[in-house]
Amino acid sequence: MVGVGAVNRPSILVVDDDPHLLELVRFSLEQKGYAVRVGGTGADAIRMAQEAAPDLIILDGNMPVMDGLDALKKLRMIKKTEKIPVIMLTMRSHQVDMISGYRFGAQEYLTKPIAIEQLLVSVKRLLTVR
């Protein structure tokens, strides 16, 4: 028997190396009813998305070892993850970085610092489009 808490909620993978921002985003999304998993590296993004494909990925652009753009490129080369919508959430605010984000397959490119409401609107929009 399925319990009341087992309602099928949209799942979101949030990957950022800033634990404070990660917690804020996780908490805010869970308050809106989303199922949230978190990771801290680009490698986490790839591994976790392959293990259980989320409905949406929020990906930091600046992470050590493998940055968000490299992780995004790899996600787009994997059959299981190639069509998952991605929001890049990053400090990189130069136009060339934004263009690269979109070129490599991000559906949204948001720069930090961000009002959490702006992120929530983007999340809702992208999940509704799916």
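This passage walks through the sheet of a predicted model and the cavity beside its strands. Residues are numbered from 1 along each chain as its sequence is written. Because the model is predicted, local features need pLDDT of at least 70 and side-chain atom pairs count only at pLDDT 80 or more, while totals for chains, interfaces and linings use all residues; side-chain values use heavy atoms, with hydrogens and water left out.

A good place to begin is the sheet. Five strands (DSSP runs of E, at least two residues, numbered from the N terminus) form an open, parallel sheet in the order β2-β1-β3-β4-β5, where pairing requires at least two DSSP bridges between two strands. The edges are β2 and β5 (108–111), each pairing on one side only.

Within this sheet, β1 (residues 11–15) and β2 (residues 35–39) are joined by five bridges, and Val14 stands opposite Val38 in β2. From β1 the chain passes through helix α1 (residues 19–31; helices are DSSP runs of H or I, at least four residues) to β2 in a right-handed β-α-β crossover, that is, a clockwise path from the first strand over the helix to the second with the strands pointing away from the viewer. Further along, four bridges link β3 to β4 (residues 86–90), with Leu59 opposite Met88 in β4.

The structure also holds one cavity of 30 Å³ or more. On a 1 Å grid over the protein atoms alone, a cavity is a set of points where a 1.4 Å probe fits but cannot get out, and lining residues have an atom within 4 Å of a point; points are joined across faces, edges and corners, and the volume is the space filled by probe spheres set on them. Val14 and Leu59 are among the lining residues of the largest cavity, and β3 (56–60) gives the largest share, three residues.

Notes: 1 Å grid on protein atoms, 1.4 Å probe; cavity = no way out; pocket = protein on both sides within 12 Å on 5 of 7 lines; lining within 4 Å.
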